[in-house]
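Me: I have a structure open and would like to learn how to read its features one by one. Where do we start?

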Amino acid sequence: ATNEFWAVPVGESNRRYILMDVSAERKGDFEYFKAINDEIEQGGVSALFQYLLDRDISQWQPRDVPKRLLENAWELKMMGASSIKKYIKARLEAGSFLDMSTTTNNDPVWHEQIKSQVLYEQYALWCKTHGLFVEIDALFGKELAALGVHKKRSRLSGRVPFYQMPSLDAMRHSFVQLIGGDDVALWGAID
């Protein structure tokens, strides 16, 4: 138990921790906790153990994590994520990888192709603005590739390397699958 927001270093493929957001309703309710302590002292541990032994858990699915716990875990995972993943998440939330890409209605524009140097420079600038470490270009490309982004060159682009982007929805889904979680838990409030 802790009052710290970043309680544990939850990684992308967290399987070690369960995070609970406990109500403060009983905070300072000494009578309530005294009653629990008295129950423990008077055979409550044995009764609890027997209750747990008798409980039918045949239908329990250990990988079926309650939505609220997934939401809490997302926040902690992103705190410990690389600067690249933090940048990607921010851009997926914004709906565009290029800062100045908006329509006349100020809606974000999703580009299917972005020059690789331009995207990397935007990432580096974003990191400097947020006080984060800038990873090397090769690692940046590798993390994008894990989300279905492909680096290409074509004669039409004058052999200038560019990233071929999947759709926004596909990339958001790939990001959730990579980190582990639920699309609705992360992106539900955005759309």
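Reply: With the sheet, keeping in mind that this is a predicted model. A sheet is read by strand order and by the sense of pairing. Here three strands form an open sheet in the order S1-S3-S2, and the pairing is antiparallel.

Me: Which strands stand at the edges?

Reply: Strand S1 (113–115) and strand S2 (150–152) do. Each has a single partner strand, so one side of each has no neighbour in the sheet. On average, and with direction ignored, neighbouring strands of this sheet are turned by 30 degrees against each other.

Me: Over how many bridges do S1 and S3 pair?

Reply: S1 and strand S3 (residues 162–164) pair over three bridges, in the antiparallel sense. To check the register on screen, take Lys115: its bridge partner in S3 is Phe162.

Me: Which helix lies across the strands?

Reply: Helix H4, residues 116–130, lies across S1, S2 and S3. Its direction is about 75 degrees to S1.

Me: Now salt bridges. How many does the structure hold?

Reply: Four. The way to read one is to take the pair of atoms, then the place of each residue in the chain, then the exposure of each. Begin with Asp38 and Lys34, whose side chains meet in a salt bridge at 3.0 Å, N to O. Both residues are in helix H1, four residues apart, which is about one turn of the helix. Asp38 counts as partly exposed at 29% relative accessibility, and Lys34 counts as partly exposed at 46%.

Me: What parts does the salt bridge of Glu143 and Lys85 tie together?

Reply: The closest N and O atoms of Glu143 and Lys85 are 2.6 Å apart. Glu143 belongs to helix H5 (residues 137–145) and Lys85 to helix H3 (residues 83–94), so the pair ties together parts that are 58 residues apart in sequence. Both Glu143 and Lys85 are buried.

Me: Which residue forms a salt bridge with Lys89?

Reply: Glu93 does, with 2.6 Å between the closest N and O atoms. Lys89 and Glu93 both lie in helix H3, four residues apart, about one turn of the helix.

Me: Is Lys89 buried or exposed?

Reply: Buried: its relative accessible area is 16%, and the cut-off for buried is under 20%. Glu93 is partly exposed, because its relative accessible area of 35% falls between the buried and exposed limits.

Me: How do I read a contact between parts that are far apart along the chain?

Reply: Compare the separation in sequence with the distance in space. Arg172 and Lys89 are 83 residues apart along the chain, and their C-alpha atoms are separated by 8.3 Å. Arg172 lies in helix H6, residues 168–179. Arg172 is buried, with a relative accessible area of 4%.

Me: Which residues form the nonpolar patch on the surface?

Reply: Tyr32, Phe33, Ile36, Ile40 and Val45 form the patch. Together these residues have about 440 Å² of accessible area. To read a patch, look at where a member sits and how much of it is open. Take Val45, which is in helix H1 (residues 30–54). Val45 counts as exposed because its relative accessible area is 53%, and exposed means over 50%. Helix H1 also holds Asp38 and Lys34, the salt-bridge pair taken up earlier.

Methods. Residues are numbered from 1 along each chain as its sequence is written. This is a predicted model: local features need pLDDT of at least 70, side-chain atom pairs count only at pLDDT 80 or more; totals for chains, interfaces and linings use all residues. Side-chain values use heavy atoms; hydrogens and water are left out. Patches are made of residues with over 30% relative accessible area and no salt bridge: like charges are joined within 9 Å, nonpolar side chains (Val, Leu, Ile, Met, Phe, Trp, Tyr) within 5 Å. Accessible areas come from the Shrake-Rupley method with a 1.4 Å probe; for residues, only the protein chains shown count as cover. Helices (H or I, at least four residues) and strands (E, at least two) are DSSP runs, numbered from the N terminus. Buried means under 20% relative accessible area, exposed over 50%, partly exposed in between (1.4 Å probe, protein chains only). Two strands pair if DSSP finds at least two bridges between them. Axes are lines fitted to C-alpha atoms, for helices over the stretch in contact, and angles run from 0 to 180 degrees between N-to-C directions. Contact means heavy atoms within 4.5 Å.
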